[in-house]
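Colleague: Could you take a close look at the ligand site for me, and then say a little about the aromatic rings and cysteines elsewhere? I would be glad of the cut-offs along the way.

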Amino acid sequence: MSAPESVARAPHATIPVNHPSQLISLRSYFSSRLGVAYCGDSMEVLKALPSSSVNLVLTSPPYALHFKKEYGNENKDRYVEWFLPFAREILRVLTDDGSFVLNIGGSYNKGVPTRSVYHFKLLIALVEEVGFHLAQECFWYNPAKMPVPAEWVTVRRIRVRDSVEYVWWFSKSPFPKASNLSVLKEYSEDMIRLNKNGVRGATRPSGHVIRDSFDKIHAGGAIPPNVTEAEFEVPESMLKMGNNAANDLYTIRCREEGIKIHPARFPALLPKFFIKMLTDANDLVLDPFAGSLTAAAVSEQLDRRWIASEAIEEYLAAGRFRFEQFTQNPKLF
Ligand SMILES: C[S@@+](CC[C@H](N)C(=O)[O-])C[C@H]1O[C@@H](n2cnc3c(N)ncnc32)[C@H](O)[C@@H]1O
């Protein structure tokens, strides 16, 4: 198969045999060493992909927000109906041991301090209608989220700040490829102390039996919880984690070039965690609602192949800045 035009145009690019652009016969927006981005409707890209070709679909689609973002958001009432056709294609393109990680935020109902359940309806439909397995519910804890809606949170003070987003991990089979050994955390001081002093066997009030042979320290790190703590776009002094080199480069270059920063990015730490846990080097990661190419750049950084699709060209143009860290000559792409 001949290489797509944008790859062929790059005089110095070496195209590996299994470059993901070779899976799709659409015209690409740009290519990197390991990936390819398409500008347009992700449904077209999904339909063009062969079945069982993608190891991980990791994405954050437009949420059903009451206050809409500039790229448009679907209505809550028809959100499930809108998303299911994408979900069916995602299931088809996944390998049997593949995963689908969906970042989605909650939302208030219009005019009242009550929450919509649109995302829970989606979760149920993805499992019961489309056929995904729910491998695990995970959360993104973002303490920097704004205290909104102001009416309920800061004016009347009858609700608290909403600081989490859902990150649902679905799979095609009950046993997707996964290893928490790839995402171990450093042991806490307490864990190191416990390990040194030893643990006396006991039964907790919950009924759990703690054995005195407890020696988790040998695993090489602590098993992480299902909560990812990451934030960005806050003053340096407030930064905890997540603002890695890819994000820095993106925002700096957007400012330099006078290009607007994408209004709803996720921090690089989020895709990084799942890509490391659910894929191996050279596996294929797809982000069908790619925005500023956060997941694509993290894939490249971790030596995974990637495909991204995004409807708005301006976002992709700026997303390319993230790839300047991987090449001496970014114009090459
Ligand atoms: C929440 S943003 C994703 C942000 C991304 N995770 C990042 O870190 O930059 C959702 C994106 O989906 C895009 N989008 C919406 N509908 C689309 C479609 N049918 N095909 C491709 N992209 C779409 C929007 O333009 C928007 O940039």
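Modeller: Happy to; here is the ligand site, followed by the rings and the cysteines. Please keep in mind that this is a predicted model, where local features need pLDDT of at least 70, side-chain atom pairs count only at pLDDT 80 or more, and totals for chains, interfaces and linings use all residues. Residues are numbered from 1 along each chain as its sequence is written, and side-chain values use heavy atoms, with hydrogens and water left out.

Around the ligand there are 22 residues, of which S42, H262, S292, T294 and E310 come nearest; a residue is near if one of its heavy atoms lies within 4 Å of the molecule. This shell is made up of twelve nonpolar, seven polar and three charged residues. Here Ala, Val, Leu, Ile, Met, Phe, Trp, Tyr, Cys and Pro count as nonpolar, Asp, Glu, Lys and Arg as charged, and the others, Gly among them, as polar.

Some polar contacts (pairs of N or O atoms within 3.5 Å) can be picked out. T294 places a polar side-chain atom 2.6 Å from an oxygen atom of the ligand. In the side chain of E310, an N or O atom is likewise 2.6 Å from a ligand oxygen. F266 takes part through its backbone, with a polar atom there 3.0 Å from an oxygen atom of the ligand. On its own the ligand has 600 Å² of accessible area, and the protein covers 94% of this (Shrake-Rupley method, 1.4 Å probe).

Now to the rings. Rings of Phe, Tyr and Trp (its six-membered ring) pair if their centres lie within 6.5 Å; planes under 30 degrees apart count as stacked, over 60 as edge-to-face and the rest as tilted. The count comes to 24 aromatic pairs. In one of them, W82 and F83, the ring centres are 5.9 Å apart and the planes stand at 55°, so the pair is tilted. W82 is buried at 15% relative accessibility, and F83 is buried at 0% (buried means under 20% relative accessible area, with a 1.4 Å probe and protein chains only).

Two arginines lie over ring faces, meaning that CZ is within 6 Å of the ring centre and within 35 degrees of the ring normal. R115 lies over Y108, 4.7 Å from the ring centre, and R322 lies over Y250 at 4.2 Å.

Finally, the cysteines: there are zero disulfides, taking a disulfide as two cysteine sulfur atoms within 2.5 Å. C138 is buried at 4% relative accessibility, and C254 is buried at 0%.

Terms used:
Buried means under 20% relative accessible area, exposed over 50%, partly exposed in between (1.4 Å probe, protein chains only). A polar contact is a pair of N or O atoms within 3.5 Å; within protein, one must be able to donate a hydrogen and the other to accept it, and residues adjacent in sequence count only if both atoms are side-chain atoms.
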